[in-house]
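Trainee: I am new to this structure and would like a close look at one part of it. Please take one residue, explain its setting, and then work outwards.

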Amino acid sequence: MAVQSEFMEVIDTTVIYFVRHAESNMGNPDDRTRELTIKGLEDRKLVTQFLNDKKIDIVLSSPYKRAIDTVKEFADLHKLEIELILNFRERKVSSEWIEDFHTFSRKQWQDFDYKLSDGESLREVQRRNIIALKQIIERHKEKNIVVGSHGTALSTIINYYDNSFQYDDFESIRTLMPWIVKFTFENSKCVEVRKYNIL
């Protein structure tokens, strides 16, 4: 809600809850269609419970199934349509399966421009996610918004606003699925980043 100070400055406050998806079936190598596990389907109830009293106006999501399905129960309950935002998709690692994912991830966090031949660097992932984020802040001022997201994509957004968030922080949340991060913006400026472990 916009508030006025004694200097007549109008402050537009927009709140965005990024929801990292619940546990997904790693046996499915297709990034777009990878579904939630039975545990993931159960754990998304925790997302619904967390969001129920947050007065959410809008639900957005990455177009990947696991992200959509993590916020779908909440959206259905509150009769909100889920708008898919392509730029909120997860990082493309490679067309081939990466056996040593930890080494690959560490290299990417050490060098934001590092990528495999047909994959994305963290800088590229961050750029498109931030472009999408700034667009929705402009389109939906003063709204409470949910975004179905992914671990790496969300981590690059946190890093953009807090560059102390690095590989060790990313590694510490690797198994947190689902995981929620609240961003508060005042006149498009990020004034708070708050993380919630809801498991």
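Mentor: What follows starts from F183, moves to the aromatic rings around F183, and then goes on to the helices and a few backbone details. The model is predicted, so each statement below describes a computed model.

F183 lies in strand 7, which covers residues 179–186. Is F183 buried or exposed? Its relative accessible area is 0%, and buried means under 20%, so F183 is buried. Leaving aside residues up to four places away in sequence, F183 touches T14, V15, I16, F18, L154, I157, I158, Y161, C190, E192 and V193. One of these, F18, belongs to strand 3, residues 13–20. For a sense of distance, take E35: F183 and E35 are 148 residues apart in sequence, and their C-alpha atoms are 27 Å apart in space.

F183 is also part of an aromatic cluster, which is made up of F18, F88, Y160, Y161, F183 and F185. The count of aromatic pairs comes to 13. One of them joins F18 and F88, with 5.6 Å from centre to centre and 90 degrees between the planes, an edge-to-face arrangement. F18 sits in strand 3, while F88 sits in the loop between strand 5 (82–84) and helix 3, so this pair ties together parts that are 70 residues apart in sequence. Both F18 and F88 are buried.

The contacts of F183 and the aromatic cluster both lead to helix 5. Helix 5 covers residues 151–161, and Y161 is a residue that F183 touches and a member of the cluster. Which residues of helix 5 meet helix 4? They are T152, A153, T156, I157, N159, Y160 and Y161, and on the helix 4 side the residues are L122, V125, Q126, N129, I130, L133 and K134. By class, this contact has eight nonpolar, five polar and one charged residues. Two packed helices are described by the angle between their axes and the distance between the axes. For helix 4 and helix 5, the axes come within 9 Å and cross at roughly 80 degrees. Angles of 65 to 115 degrees count as roughly perpendicular, and helix 4 and helix 5 are therefore roughly perpendicular to each other.

N159 in helix 5 can be looked at by itself. Its relative accessibility is 8%, so N159 counts as buried. Apart from residues up to four places away in sequence, N159 touches W109, F112, Q126, F165 and Q166. Among these, Q126 is one of the helix 4 residues in the contact with helix 5.

Another buried polar residue to look at is S105, in helix 3, residues 101–110. S105 has a relative accessible area of 1%, so S105 is buried. With residues up to four places away in sequence left out, S105 touches R91, Y167 and F170.

A second pair of helices can be described in the manner used above. The axes of helix 1 (residues 38–51) and helix 2 (residues 65–77) come within 8 Å and cross at roughly 45 degrees. That angle makes helix 1 oblique to helix 2. Their crossing is right-handed. On helix 1 the contact is made by R44, K45, V47, T48 and L51, and on helix 2 by D69, T70, K72, E73, F74 and L77. By class, there are four nonpolar, two polar and five charged residues in this contact.

The backbone details come last. Most residues other than glycine have a negative phi, and most peptide bonds are trans. K79 has a positive phi, near 55 degrees. K79 is in the loop between helix 2 and strand 5, and its relative accessible area of 76% makes K79 exposed. E142 also has a positive phi, near 65 degrees. E142 is in the loop between helix 4 (122–139) and strand 6 (144–149), and at 33% relative accessibility E142 counts as partly exposed. The peptide bond that joins M177 and P178 is cis, with omega about 0 degrees. P178 is in the loop between helix 6 (167–172) and strand 7, and strand 7 is the strand that holds F183.

Definitions and conventions:
Residues numbered from 1 in each chain as written. Predicted model: local features only at pLDDT ≥ 70, side-chain atom pairs only at ≥ 80, totals over all residues. Heavy atoms only, no water. Helix = DSSP H or I, 4+ residues; strand = E, 2+ residues; numbered from the N terminus. Buried < 20%, exposed > 50% of the residue type's maximum accessible area, 1.4 Å probe, protein only. Contact = heavy atoms within 4.5 Å. Axes fitted to C-alpha atoms, helices over the stretch in contact; angles between N-to-C directions. Parallel < 35°, antiparallel > 145°, perpendicular 65-115°, else oblique. Left-handed = near helix turned anticlockwise from the far one by under 90°. Nonpolar A, V, L, I, M, F, W, Y, C, P; charged D, E, K, R; others polar. Phe/Tyr/Trp six-rings, centres within 6.5 Å; stacked < 30°, edge-to-face > 60°.
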